[in-house]
Amino acid sequence: APGTSGRGLYIYCAGAAGLLRVLPFWEPWRPLRSAQLDGDLLCLAALPSPSPSQHHPLLLTGSHNRRVYAFSPDQGRLLGSFDAHDDAVCCVAIPTQPGGGSSNRLVTSSWDCSVKIWNLDEGRCPWTSSMALPEMELHDNDSGVWALAVGPATTTGPLTQALVTGSEEGTVQGWDLRTGAPAWRAQVAADYVGGLALDPLSGHYVAAATADGGLSLLDLRMAGLKLAGVLTGAPLHCCITDGGLCVAGSESGELHMWDVSLMSASGAHVGGEVAPGPDGLYPPWMCPAAQATGGTPPEVVPAINSVALYAGAPEAGSGGVGRGGVLRGSA
């Protein structure tokens with residue numbers, strides 16, 4: 001996950017064998033902080049600190065051993081952990097505030113077929129309690145929840161404006177947090193949903209990346225109606241969108257870019273020197289870590305397991321997208 005502190009831009013990485021690292025963006029080969037936690041780390045969320053003396057966000061990471069860990073890069077130590085689920089915690093997310101910043105809620109999902117919402121108010125953080133209890137539990141899932149997307153928090157009513165989950169069986173569900181029940185359900189693939197991303201501009205659409213190589217654009221206002229879809233040819237593990245472009249990472253180490261603004265007719269397409277095809281799909285980019293050297297194919301091609309966007313000025317030839325990408329690949 002990318003993050004900005006008073007000292008610059010940093011990359012926060014959680015990976016196999018419990019390794020958590022803080023990398024300066026300008027020197028990513030030289031870790032600023034690192035910690036060895038228990039179990040494989042599957043997901044990561046950054047909670048900004050309200051204290052000006054803290055330069056880094058609090059890192060919340062979900063583990064294969066069903067726990068969520070809270071690590072402070074500023075203090076260089078683990079603040080605590082808690083049993084969040086009965087199986088691996090595969091997704092963690094923090095809703096944003098409508099006016100910017102992060103809310104005081106944490107959303108987690110697991111292979112145990114549940115989604116939980118936790119209160120992060122001072123004195124109620126679950127990693128400081130001997131008996132952590134969620135504020136809300138969502139159990140009406142047909143299988144393990146492999147993907148999660150949350151909209152901005154609300155000041156009244158439900159905790160977030162939108163909560164969408166993707167399952168091991170290829171279904172995407174939108175939730176009504178007033179009742180704790182699914183508001184709609186859409187079958188987008190026959191295999192697992194690897195990633196979900198809400199359109200941050202309108203809040204009306206969600207992109208889904210699936211293991212059959214498909215990208216789907218669903219309309220939240222029409223009970224998850226599929227507006228468009230495209231096949232990339234490789235299993236997809238993750239996706240992200242800024243409302244104009246959807247970027248998905250594949251098992252084959254490629255980035256697939258899809259012009260979702262063109263597909264949803266919500267505005268002018270991204271444009272640039274390279275035009276998308278009629279389906280809105282651009283030619284794929286091979287992640288540099290996955291490229292062969294000296295013309296020899298690598299023995300193991302690193303899959304792209306997560307993608308993030310950070311604010312930035314468009315580079316020459318980037319097609320006008322005012323964002324930069326931060327990727328994490330693993331074999």
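# Briefing: contacts and burial in a predicted model

Glu-135 is partly exposed, at 37% relative accessibility. The model is predicted. Its protein chain has 331 residues, and 49% of them count as buried. The secondary structure comprises one helix and 26 strands.

**Overall fold and surface**
- Take the contacts between residues at least 6 apart in sequence: 42% of them join residues at least 24 apart.
- The accessible surface of the chain is about 15,200 Å². Carbon and sulfur atoms account for 52% of that surface.

**Salt bridges**
- The whole structure holds five salt bridges.
- Arg-105 and Glu-135 form one of them, with the closest N and O atoms 2.6 Å apart. This pair links distant parts of the chain, 30 residues apart. Arg-105 sits in strand S10 (residues 105-110), while Glu-135 sits in the loop between S11 and strand S12 (136-138).
- Arg-105 has a relative accessible area of 14%, so Arg-105 is buried. Its partner Glu-135 is partly exposed.
- Arg-66 and Asp-83 meet through their side chains at 3.5 Å, N to O. The two are 17 residues apart: Arg-66 is in the loop between strand S6 (58-63) and strand S7 (67-72), and Asp-83 is in strand S8.
- Arg-66 is partly exposed, at a relative accessible area of 37%. Asp-83 is also partly exposed, at 37%.
- Arg-178 pairs with Asp-176, with 3.0 Å between the closest N and O atoms. Arg-178 is exposed, at 67% relative accessible area.
- Shared partners join Arg-66, Arg-67 and Asp-83 into one salt-bridge network.

**Aromatic pairs**
- The count of aromatic pairs is three.
- Phe-82 and Trp-118 form an edge-to-face pair: 4.8 Å centre to centre, with 65 degrees between the planes. Phe-82 lies in strand S8 (residues 77-83) and Trp-118 in strand S11 (residues 115-119), so the pair ties together parts 36 residues apart in sequence.
- Phe-82 and Trp-118 are both buried.
- One aromatic cluster is formed by Trp-111, Trp-146 and Tyr-192.

**Cysteines**
- The disulfide count is zero.
- Cys-238 is in no disulfide, and its nearest cysteine sulfur, that of Cys-239, is 7.3 Å away. Cys-238 counts as buried, at 6% relative accessibility.
- Cys-246 is in no disulfide either; the nearest cysteine sulfur, again that of Cys-239, is 4.7 Å away. A disulfide needs the sulfur atoms within 2.5 Å, so Cys-246 does not qualify at 4.7 Å.
- Cys-246 is buried, with a relative accessible area of 0%.

Notes
Residues are numbered from 1 along each chain as its sequence is written. This is a predicted model: local features need pLDDT of at least 70, side-chain atom pairs count only at pLDDT 80 or more; totals for chains, interfaces and linings use all residues. Side-chain values use heavy atoms; hydrogens and water are left out. Rings of Phe, Tyr and Trp (its six-membered ring) pair if their centres lie within 6.5 Å; planes under 30 degrees apart count as stacked, over 60 as edge-to-face and the rest as tilted. Helices (H or I, at least four residues) and strands (E, at least two) are DSSP runs, numbered from the N terminus. Buried means under 20% relative accessible area, exposed over 50%, partly exposed in between (1.4 Å probe, protein chains only). Contact means heavy atoms within 4.5 Å. Accessible areas come from the Shrake-Rupley method with a 1.4 Å probe; for residues, only the protein chains shown count as cover. A salt bridge is a side-chain nitrogen of Lys or Arg within 4 Å of a carboxyl oxygen of Asp or Glu.
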